[in-house]
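Colleague: I've got a fresh model open and would like a walk through it before I go back to the bench. Can we take it one question at a time?

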Amino acid sequence: MRIDLHTHSNASDGTQSPAGVVSSAAESGLDVVALTDHDTTAGWAEAAEAAAQEGIALVRGIEVSCNYEGISIHLLGYLQDPAAPGLLEELERSRESRETRAQSIVERLSRVVPLTWDDVLKQVEPGATVGRPHIADAMVAKKIVASRKVAFSDYLFDGSPFYESHYSPDPVTAVRLVRQAGGVAVMAHPFASARGIVVKDAVIEAMAAEGMAGLEVYHRDHSADEAQHGLDLAASLDLFVTGSSDYHGEGKPNLLGENTTDPVVLQQIEALAHGVKVLRP
Ligand code: AMP
Ligand code: FE
Ligand code: FE
Ligand code: ZN
């Protein structure tokens, strides 16, 4: 049984539609895939329909952007009720702030490169969560850079002169809201130092104390040492561990199923959740 619990569609910053992600998952021989777009569940309905057609099981999820004292953290939520008010309001607030923030990044960029907000909007699916990858895609379309990767390394990296952050909840609040929505909270790529500054273990301990259930340990952005540290911390806090691809379609080299999660862990997730069910063919 092959299970990948972290993917993105064009409901956020992936390049494939939700149905496209699900068919690619089936094609790559996965038995279970989770759709975890940034700060939105807008892709769930389309993914559910595709999963039924493709004969693959679907875990409906989300990746909640969080901020701890200026450090960006991602929290995966699985099987939560998408209409639960507390989480819904925080996500709306994040998405709105992402929009204003993206406009300000573009306004700064427009002083040095030929890029407009309209160029960026052409890259965003209606209703999708806007992020830096859409700005990157617009820069590729305008031939300012050759790829998303170069757009990030030359212009969009954390702390660049064009960078601006956006509102997002603190991680302990996010864990509480995911749980209140009946979901299961798992911290995404907790020690991926290559992505930027990571939080101290004490923050992860506080998240665990609020009921976070797992750590995403097997992820390409973790070095062997970082993964080992994840295993040790998970064992000491009694958390389960997951492995996933963080697939973004063409937007990143990450391949579906490049890391996978133990079926026993999926059973634990299902046992803890009381928002929505895993959809099985
Ligand atoms: P944002 O959510 O707007 O702050 O943008 C962060 C997103 O950018 C992450 O979710 C990644 O998908 C994407 N990202 C970060 N670095 C890179 C990179 N070097 N190449 C492609 N995508 C990236
Ligand atoms: Fe992303
Ligand atoms: Fe992430
Ligand atoms: Zn992700």
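**Overall build**

Modeller: Of the 281 residues in this protein, 54% count as buried. Keep in mind that this is a predicted model.

Colleague: Fine. How many helices and strands does the protein have?

Modeller: It's a mix of both kinds of element. The count comes to 10 helices and seven strands.

Colleague: And how compact is the protein for its length?

Modeller: The C-alpha trace spans about 50 × 45 × 40 Å along the principal axes. For 281 residues the globule rule gives 19 Å, and the radius of gyration is close to that, so the protein is as compact as a globular protein of that length. The radius of gyration itself is 18 Å.

Colleague: What share of the contacts with a separation of 6 or more comes from residues 24 or more positions apart?

Modeller: Here we leave out pairs with a separation below 6 and look at the rest of the contacts in the protein. Residues 24 or more positions apart account for 73%.

**Helix pairs**

Colleague: On to H7 and H8: are they roughly parallel or roughly perpendicular?

Modeller: Helix H7 covers residues 171–180 and helix H8 covers 201–209, and their axes are 9 Å apart. They pack at an angle of about 25 degrees. Angles under 35 degrees count as roughly parallel, so H7 and H8 are roughly parallel.

Colleague: Is the crossing of H7 and H8 left-handed or right-handed, and which residues make the contact?

Modeller: The crossing is right-handed. H7 brings Pro 171, Val 172 and Val 175 to the contact. By class, the contact has six nonpolar residues, no polar and no charged. From H8 come Val 203, Ala 206 and Met 207.

Colleague: How do H5 and H6 pack, roughly parallel or roughly perpendicular?

Modeller: Helix H5 (residues 132–141) and helix H6 (residues 148–156) also have axes 9 Å apart. Their angle is about 105 degrees. The range from 65 to 115 counts as roughly perpendicular, so H5 is roughly perpendicular to H6.

Colleague: How many charged residues are in the contact of H5 with H6?

Modeller: On the H5 side you'll find Arg 132, Pro 133, Ile 135, Ala 136, Asp 137, Met 139 and Val 140. They meet Arg 148, Ala 151, Phe 152, Tyr 155 and Leu 156 in H6. Sorted by class, that contact has nine nonpolar residues, no polar and three charged.

**Single residues**

Colleague: Is Val 145 buried or exposed?

Modeller: Val 145 sits in the loop between H5 and H6. Leaving out residues up to four places away in sequence, Val 145 touches Ala 136, Met 139, Val 140, Val 150, Ala 151 and Tyr 155. Its relative accessible area is 9%, and under 20% means buried, so Val 145 is buried.

Colleague: What's the phi of Asp 39, and where is Asp 39?

Modeller: Asp 39 isn't a glycine, yet its phi is positive, about 60 degrees. With 0% relative accessibility, Asp 39 counts as buried. Its place is the loop between strand E2 (32–35) and helix H2 (44–54).

Colleague: What about Leu 79: where is it, and what is its relative accessible area?

Modeller: Leu 79 has a positive phi of about 60 degrees too, although it is not a glycine. You'll find Leu 79 in the loop between strand E4 (71–78) and helix H3 (85–109). Leu 79 is buried, and its relative accessible area is 1%.

Colleague: Which residues does His 74 touch, not counting those up to four places away in sequence?

Modeller: His 74 is part of strand E4 and counts as buried at 13% relative accessibility. Ala 174 is 100 residues away in sequence, but the C-alpha atoms of the two are 9.7 Å apart. The residues His 74 touches are His 38, Glu 63, Val 64, Ser 65, Met 187, Ala 188, His 189 and Arg 195.

Colleague: Last one: which residues is Arg 280 in contact with, leaving aside neighbours within four places in sequence?

Modeller: Arg 280 lies in the segment after helix H10 (263–272). At 47% relative accessibility, Arg 280 counts as partly exposed. Its contacts are Ala 57, Leu 266 and Glu 270.

Key. Residues numbered from 1 in each chain as written. Chains lettered and ligands numbered in written order. Predicted model: local features only at pLDDT ≥ 70, side-chain atom pairs only at ≥ 80, totals over all residues. Heavy atoms only, no water. Axes fitted to C-alpha atoms, helices over the stretch in contact; angles between N-to-C directions. Helix = DSSP H or I, 4+ residues; strand = E, 2+ residues; numbered from the N terminus. Parallel < 35°, antiparallel > 145°, perpendicular 65-115°, else oblique. Left-handed = near helix turned anticlockwise from the far one by under 90°. Contact = heavy atoms within 4.5 Å. Nonpolar A, V, L, I, M, F, W, Y, C, P; charged D, E, K, R; others polar. Rg over C-alpha atoms; globule rule 2.2 N^0.38 Å. Buried < 20%, exposed > 50% of the residue type's maximum accessible area, 1.4 Å probe, protein only.
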